[in-house]
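Here is a short note to help you find your way around this structure for the first time. Keep the view open as you read, and take the points in any order you like.

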Amino acid sequence: MEKTPTEKASQRAITNHWKSVIAEYQQPNVWRASWQVLNTVGGYIVLWWLMYLSLSVSWWLTVPLAILAGGLLIRAFIIFHDCGHGSFFRSGFANDFWGFITGMLTFTPYYHWRWQHSIHHSCAGDLDRRGVGDIWTLTVEEYLQSSRWRKFSYRISRNPFVLFVIAPLFLFVLSQRFPMGRAKPREKLSVWVMDGAILALVASLIAIFGFVPWLIIQLITISVASSGGVWLFYVQHQFEDAYWERAENWDYTDAALKGSSFYKLPKVLQWFSGNIGYHHIHHLSPRIPNYNLERCHQSDPMFSEVKPTTLFGSLKLARLRLWDEASGKLVGFSILKNRRRTPAK
């Protein structure tokens, strides 16, 4: 249903207000950014050095260090993410340089991912523009009208073990090695260039560590990082009262404040996740670097109206599977028992 003139005027007033509030926090700070690079990328390199030394002592030291390195890799991806938005540094060259470096560490092609992610930001919560840079989400009616094979595929993709363990590894290790067919030449080239850089990095590490030790350490770090990253992304947009609307009713501000969660994590996890739990702020303005998100959230009462998702509360979100347009909620498969099934197309 189209909004009334009064509702449109109210929405414009809200938009103008938050734009004025966030302006201060969109300014990159070279010292904050540089310190993040040092403690994250530098810390990641130091951990690989410590893991090399630990191999001559005990794997009981190496494995915990690899898990810790996986946590730092999540933080490195947030730097990569901010560079892709052009928000981390003021300099475009610095953003592209560190975006490439952190992309190499996280096995993610910089320009190709940046293009995909820009699509996600332009249509997050739009039911008519799903499919790029998001988690596969069907409505209840779409599921009921699907073929048996599609239903089976969807249930497999939504299985927690597949979604948070197998799929993340597949995404970062294999899927990111190939460009999408509709990507432009620069984005496609960035995939092949990144594949070459990753190959050179891997060959160097194998020469230093040996193949088997490198493989075990790399699998641990990339598993922790990819699973943690996908979980964060899931919680950011897949919660019961999330925002999904058809294109004619979709609104940018509502999609940000209602369709992106405020994931309130313990401070140590907030640090490793690069403040990305303030995702409602990030979707309002991707130009705000991660080191300014918390201060922006605390700057205006409007942002505190967003209900936080706690670490414990987020665990319940894994059971949610389908978007129910009738109730405007993300629901589990149990709702299907109460719905009339329609013939598959």
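Contact, as used in this note, means heavy atoms within 4.5 Å. Please also bear in mind that this is a predicted model.

1. A good place to begin is Tyr252, which is found in helix α11. Leaving out residues up to four places away in sequence, Tyr252 touches Trp18, His121, His283, Leu284, Ser285 and Pro286. Its C-alpha atom is 9.6 Å from that of Asp126, although 126 residues separate Tyr252 and Asp126 along the chain. Is Tyr252 buried, exposed or partly exposed? With a relative accessible area of 31%, Tyr252 is partly exposed, because that class runs between the 20% and 50% limits.

2. Next, look at Ser260, in the loop between α11 (252-259) and β2 (262-264). Ser260 has a relative accessible area of 2% and is buried. Which residues is Ser260 in contact with, leaving aside its neighbours within four places in sequence? They are Gln236, His237, Phe239, Ala255, His279, His280 and His283. You have already met His283, since Tyr252 touches it too.

3. Now turn to the largest nonpolar core, which has 61 residues. Inside this core, the residues with the most contacts are Trp48, Phe88 and Tyr234. Two or more residues each come from α2 (30-54), α3, α4, α5 (110-123), α8 (160-174), α9 (185-209) and α10 (211-237). Which element gives the largest share of this core? That is α3, with 12 residues. As general background, nonpolar side chains tend to be buried together in soluble globular proteins.

4. Tyr234 deserves a look of its own. Not counting residues up to four places away in sequence, Tyr234 touches Ile135, Arg158, Leu163, Phe164, Leu317, Ala318 and Leu320. Apart from the 61-residue core lies another core, of 16 residues, with Val21, Ile22, Tyr278 and Met302 among them.

5. Leu205 leads us back to Trp48. Leu205 lies in helix α9 and is buried, at a relative accessible area of 13%. With neighbours within four places in sequence left aside, the contacts of Leu205 are Trp48, Gly210, Trp214 and Gln218. A separation of 10.0 Å lies between the C-alpha atoms of Leu205 and Tyr52, which are 153 residues apart along the chain.

6. For a helix pair, try α3 (residues 59-84) and α4 (residues 92-105). Their axes come within 8 Å and cross at roughly 145 degrees, and the crossing is left-handed. On the α3 side, the contact is made by Leu73, Ala76, Ile79, Phe80 and Cys83. On the α4 side, Asn95, Trp98, Gly99, Thr102, Gly103 and Leu105 take part. How many of the residues in the contact of α3 with α4 are nonpolar, polar and charged? There are 7 nonpolar, 4 polar and no charged residues.

7. Just after that helix pair comes Phe107, in the loop between α4 and α5. Phi of Phe107 is near 60 degrees, which is a positive value in a residue other than glycine. Phe107 counts as buried, at 9% relative accessibility. Asn275 makes a nice companion: its phi is also positive, about 60 degrees, and Asn275 is not a glycine. You will find Asn275 in the loop between α12 (267-272) and α13 (279-284). Asn275 is buried, with a relative accessible area of 14%.

8. Helix α14 (residues 290-297) is worth a pause. Why is α14 described as largely enclosed by the rest of the structure? It is because 6 of its 8 residues are buried. The buried ones are Asn290, Tyr291, Asn292, Leu293, Cys296 and His297.

9. Finally, there is an open sheet of 3 strands, in the order β1-β4-β5, with mixed pairing. β1 (138-139) and β5 (329-331) each have a single partner strand and stand at the edges, so one side of each is left without a neighbour in the sheet. β1 runs parallel to β4 (residues 322-324), and 2 bridges join them. Within this pair, Leu138 stands opposite Leu322 in β4.

Notes. Residues are numbered from 1 along each chain as its sequence is written. This is a predicted model: local features need pLDDT of at least 70, side-chain atom pairs count only at pLDDT 80 or more; totals for chains, interfaces and linings use all residues. Side-chain values use heavy atoms; hydrogens and water are left out. Buried means under 20% relative accessible area, exposed over 50%, partly exposed in between (1.4 Å probe, protein chains only). Helices (H or I, at least four residues) and strands (E, at least two) are DSSP runs, numbered from the N terminus. Axes are lines fitted to C-alpha atoms, for helices over the stretch in contact, and angles run from 0 to 180 degrees between N-to-C directions. A crossing is left-handed if the near helix is turned anticlockwise from the far one by less than a right angle, and right-handed if clockwise. Ala, Val, Leu, Ile, Met, Phe, Trp, Tyr, Cys and Pro count as nonpolar, Asp, Glu, Lys and Arg as charged, and the others, Gly among them, as polar. A nonpolar core is a set of buried Ala, Val, Leu, Ile, Met, Phe, Trp, Tyr and Cys residues joined through side-chain atoms within 4.5 Å. Two strands pair if DSSP finds at least two bridges between them.
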